[in-house]
Amino acid sequence: MKRIVIILLMVLASLCTAEAQRHKRSQKQNSEIEFLGQVRDTYSQISRRTIDGKQYYVYTSQSSEEYNEPFKLIFPTAKEAIKSLAHLKIFAEQKPNNTTITFANDGKMITATKGKFIGGPYVEFTHPEMKGTASMSVKELDKAITILSKYIEE
């Protein structure tokens with residue numbers, strides 16, 4: 001019995017290590033991307049990126065479909081990002097479950113659906129090019145706003 005438990009622990013540890021290494025390798029080192037803060041452990045973050053010579057603030061998250069490109073929300077300024085995320089927070093807190101809104105971001109029409117999981121409201125994102133969904137809880141929206149508030153332009 002002890003051997004089985006030890007073997008299971010070893011397999012679990014190696015799987016966790018392999019997943020962490022896969023994630024680290026999948027993040028390309030790019031001097032045009034500045035990491036600003038982690039919103040959710042391992043796969044949801046805020047960064048500042050240079051795209052076509054201009055700087056943008058980008059929320060990136062892995063979707064529920066493992067092989068999708070990461071889900072992104074792109075904002076021209078930190079102030080615009082905070083404003084948009086604050087609207088999504090109000091949407092998640094005040095609207096009934098399964099209410100949807102659609103908005104344009106970076107040339108894509110994104111649908112946000114209000115949901116609730118174990119008592120906590122969240123927003124789930126989809127768009128036509130994405131097979132799975134990405135989501136942000138109200139706490140994660142708050143955390144993203146806090147991160148971005150340090151970068152508001154004068």
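Across which strands does α3 lie when running at about 80 degrees to β8? In this predicted model, α3 lies across β7 and β8, and its direction makes that angle of about 80 degrees with β8. The protein chain holds three helices and eight strands, in the order α-β-β-β-β-α-β-β-β-β-α from the N terminus. Two open antiparallel sheets of four strands are formed, one with the order β1-β2-β3-β4 and one with the order β5-β6-β7-β8.

**Overall character of the chain**

- Of the 154 residues in the protein chain, 31% are buried.
- The accessible surface amounts to about 10,400 Å², and carbon and sulfur atoms account for 55% of this area.
- When contacts between residues at least 6 apart in sequence are considered, 35% of them join residues at least 24 apart.

**The sheet β1-β2-β3-β4**

- The strands of this sheet follow the order β1-β2-β3-β4 with antiparallel pairing; β1 and β4 are the edge strands, each pairing on one side only.
- From one strand to the next, the twist averages 25 degrees.
- β1 and β2 run antiparallel and are joined by six bridges, with Gln 38 opposite Gln 45 of β2.
- β2 (residues 44–51) and β3 (residues 54–61) pair in the antiparallel sense over eight bridges; Thr 50 has Gln 55 of β3 as its bridge partner.
- The hairpin of β2 and β3 has two residues between the strands, and Asp 52 takes a positive phi near 50 degrees there.
- β3 is joined to β4 (residues 71–75) by five bridges, and the two run antiparallel.
- Along the β3 and β4 pairing, Ser 61 has Phe 71 of β4 as its bridge partner, while Tyr 59 stands opposite Leu 73 of β4.
- β4 is largely enclosed by the rest of the structure, because four of its five residues are buried.

**The sheet β5-β6-β7-β8**

- In this open sheet the order is β5-β6-β7-β8 and the pairing is antiparallel; the edge strands are β5 (100–105) and β8, each of which pairs on one side only.
- Direction ignored, neighbouring strands of this sheet are turned by 30 degrees against each other on average.
- Four bridges connect β7 and β8 in the antiparallel sense, and Phe 125 has Ala 134 of β8 as its bridge partner.

**Helices against the sheets**

- α2 lies across β5, β6, β7 and β8, and runs at about 120 degrees to β7.
- α3 lies across strands of both orders: it crosses β1, β2 and β3 at about 150 degrees to β1, and it crosses β7 and β8 at about 80 degrees to β8.

**The largest nonpolar core**

- The largest nonpolar core has 28 residues, of which Ile 46, Phe 71, Leu 85, Val 123, Phe 125, Met 136 and Leu 148 touch the most other members.
- Two or more residues of this core come from each of β1 (33–40), β3, β4, α2 (78–94), β6 (108–117), β7 (120–126), β8 (134–137) and α3 (138–149).
- α2 supplies the largest share of this core, namely seven residues.
- Beyond four places in sequence, Val 123 touches Leu 88, Phe 91, Ala 92, Ala 112, Thr 113, Ala 134, Ser 135, Met 136 and Leu 141.

**Two serine positions**

- Ser 47 lies in β2 and is buried, because its relative accessible area of 0% falls under the 20% limit.
- The side chains of Ser 47 and Arg 49 are joined by a polar contact of 3.0 Å.
- With residues up to four places away in sequence left out, Ser 47 touches Ile 33, Glu 34, Phe 35, Leu 36, Tyr 56, Tyr 57 and Val 58.
- Ser 135 belongs to β8 and counts as partly exposed, because its relative accessibility is 24%, between the limits of 20% and 50%.
- Ser 135 and Ser 44 are 91 residues apart in sequence, with a C-alpha to C-alpha separation of 9.6 Å in space.
- Apart from neighbours within four places in sequence, Ser 135 is in contact with Arg 40, Tyr 59, Tyr 122, Val 123, Glu 124, Phe 125 and Glu 140.

Key
Residues numbered from 1 in each chain as written. Predicted model: local features only at pLDDT ≥ 70, side-chain atom pairs only at ≥ 80, totals over all residues. Heavy atoms only, no water. Buried < 20%, exposed > 50% of the residue type's maximum accessible area, 1.4 Å probe, protein only. Contact = heavy atoms within 4.5 Å. Areas by Shrake-Rupley, 256 points an atom, 1.4 Å probe, with all protein chains shown as cover. Pairing = 2+ DSSP bridges. Core = buried A, V, L, I, M, F, W, Y, C linked by side-chain atoms within 4.5 Å. Polar contact = N/O pair within 3.5 Å; in protein donor to acceptor, adjacent residues only side chain to side chain. Axes fitted to C-alpha atoms, helices over the stretch in contact; angles between N-to-C directions.
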